[in-house]
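Visitor: I have a model open on my screen and would like a quick walk through it. Could you take me round?

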Amino acid sequence: MISTQKKIRIAFVNPPHADWSLANNMTYLMMQSHYNHMGKYPQQVKWLPAPYKFNKYKSVAEVYDEIPNADVYLFSSYVWNYDIIDKLAIYVKKLNPNAICIVGGPHIGTNEPEFLSTRTQYDFICEPTKPGEVFMEDFINSYIETDGKPIIEDISWELRSQKKTGCPMPEYSIYEENFDYIKETCDYAKRYKLEPFILIETTRGCPYKCVFCEWGGGIDTKILKKKIDIVKRDILAMKRAGYRDAYLTDANFGAFEDRDLEIFEYAWKNDFNLTDISTMKSKDLVRRKRLIDRWFSVVGATDKKPQVQDGRDMWEETRYMSIVPTVSIQSISDEAMKVAKRVDLSTKDKLELSRHIEKRCREEGFPVPALELILGMPGSTINDFYNEMEIIWNFKAWGSIRHDYMFLPDSYLSNQSYKEQYKIKTVEVYTDLVDEDGVDNWFGLYKDKKNYFHTISSCYSYTKEEMYEMWFMNHAGNKLLEEVYPTYVAKLTPSEFGKHCYQILKTVPGFNKIHEYIVDLLDENTKPKSIKRIYNQLRTMVINDFVELAKPIINSELFIIAENKNDRSRTTIC
């Protein structure tokens, strides 16, 4: 018998990556609109407004106070918030034991069973990367039809269910339908100087299988497209609500070249930026360069530059987010790309693309975009690491430190058989900073927060000692390229320069203390340490200060090395 007396009360919590940012509650709004259009009993559902004041909350109890006494609690799990939602779900069960707790998102634990097995506070689990809209459609229908005792097998994409239902792209504007809420959150961000984060999805899915991907970049599905007229309505609704830009979640911008550029141009001409653009994965250099050129033909020259200062006014400091498409290189090594099941350009073409984008940015006055390299991908070698210095030099990407390789629990990277196949050794570390610029959280629930994950320490293609060297030079290399290499550019390749610099730096007083921290950090037998700090100071600051003091020694030694190389060259010619 279907109950018609009481509405089911549903709450949603997705803590943001930092307490100075708005929470990403768009998934929750998508669920609401989807169920209102597709569900059987939309009149019997009460959707509680999702919490977004994470700059103020000091405990999970304060988050709960905004959404008390719900029948169902939804939690979206990411590497930066899983500890918060886990504590909140336990708190919910303590105060409201009859409530149903559901976890979804990309950070669940399907390839790290010991992590998943500890999360017993959740009654239902939405499989990572699968559509939450149809999961909730089935869940709500079953909940109402069973008087609050939903059946697992009735629910699409429940981790233990065999039911798999596709989710079409919406033919309505979610932003229009939830306009009051998105305006309320934007007004709040402006009032409290928060990052006004909001996302836009014009396509969903990705045909690739990259092993490091946990969400959006390699989930081996068809790409579904939202109709262009709906996307345009989405953009105008966000702008009317007060937003200046939106994070573009599409995993392969440019896969539908004319369509995607039409959407970007429409936003640009309406003074609305699409940011963090991840370009298509393709082996076609001509197509990749054409996409960049067509993008620049839309935006032309600009004087809009990021204005990062001290991280206290994120509303202003994120005014000009990066709108240049990112350069997703990952590694210069073709072998590493093969091991990662990554479809991409050849090594030669990656170098050419890096030169092309740097040239276009310089011509048009844009800051170069993020250069996406990953430190120590299995299959790469220490020689590959130093060869990547040529890409960094071509690109003049001094701020693009290689990303720490995160072995996330729902990426295939964390599968035990994969790690055994490539002799991968990992170590647990944590980060307590949001980014390498040192923009830390402010206070409250996020103060002194640590996010734990596993990173790589060695594999079949390089030793742990070689990782120590790469980890150090990942930070020292950029400063050396920017400030020292111009003197030696005609005499040494970037790779030769980097290798010589490391051998010199090893002899400089102060190196051993830094090296000892790196060894301890990557030792699986010691307690996890901060991967963003060295002895409680920012790692970039510690290493850059050391390199600055060592520059006279480096120049003195490099001058001799370069002259000896020239002498040998002249002798060979004679």
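Guide: Sure, one term to begin with: buried means under 20% relative accessible area, exposed means over 50%, and partly exposed is in between (1.4 Å probe, protein chains only). This is a predicted model, where local features need pLDDT of at least 70, side-chain atom pairs count only at pLDDT 80 or more, and totals for chains, interfaces and linings use all residues. Residues are numbered from 1 along each chain as its sequence is written, and side-chain values use heavy atoms, with hydrogens and water left out.

Visitor: How many residues of strand β13 are buried?
Guide: Helices (H or I, at least four residues) and strands (E, at least two) are DSSP runs, numbered from the N terminus. β13 covers residues 425-431 and is mostly covered. Of its seven residues, the number buried is five.

Visitor: Which residue in β14 stands opposite valine 429?
Guide: Two strands pair if DSSP finds at least two bridges between them. β13 and β14 (residues 451-458) pair in the antiparallel sense, over seven bridges. Opposite valine 429 stands phenylalanine 453.

Visitor: In what order do the five strands of the open sheet come?
Guide: The pairing in this sheet is parallel. Its edge strands, each pairing on one side only, are β2 (45-47) and β5 (124-125). Reading across, the order is β2-β1-β3-β4-β5.

Visitor: At about what angle does helix α5 run to β4?
Guide: Axes are lines fitted to C-alpha atoms, for helices over the stretch in contact, and angles run from 0 to 180 degrees between N-to-C directions. Helix α5 (residues 132-145) lies across β1, β2, β3, β4 and β5. Its angle to β4 is about 165 degrees.

Visitor: Which residues have the most contacts inside the largest nonpolar core?
Guide: A nonpolar core is a set of buried Ala, Val, Leu, Ile, Met, Phe, Trp, Tyr and Cys residues joined through side-chain atoms within 4.5 Å. The largest one here has 155 residues, and its largest share, nine residues, comes from helix α16 (residues 464-483). Those with the most contacts inside the core are Phe139 and Phe472.

Visitor: How far does helix α14 reach from its first C-alpha to its last?
Guide: α14 (residues 382-395) has 14 residues, eleven of them buried. The expected span of a helix is 1.5 Å times one less than its number of residues. For α14 that expected value is 20 Å, and the model comes close to it at 21 Å.

How values were computed. Contact = heavy atoms within 4.5 Å.
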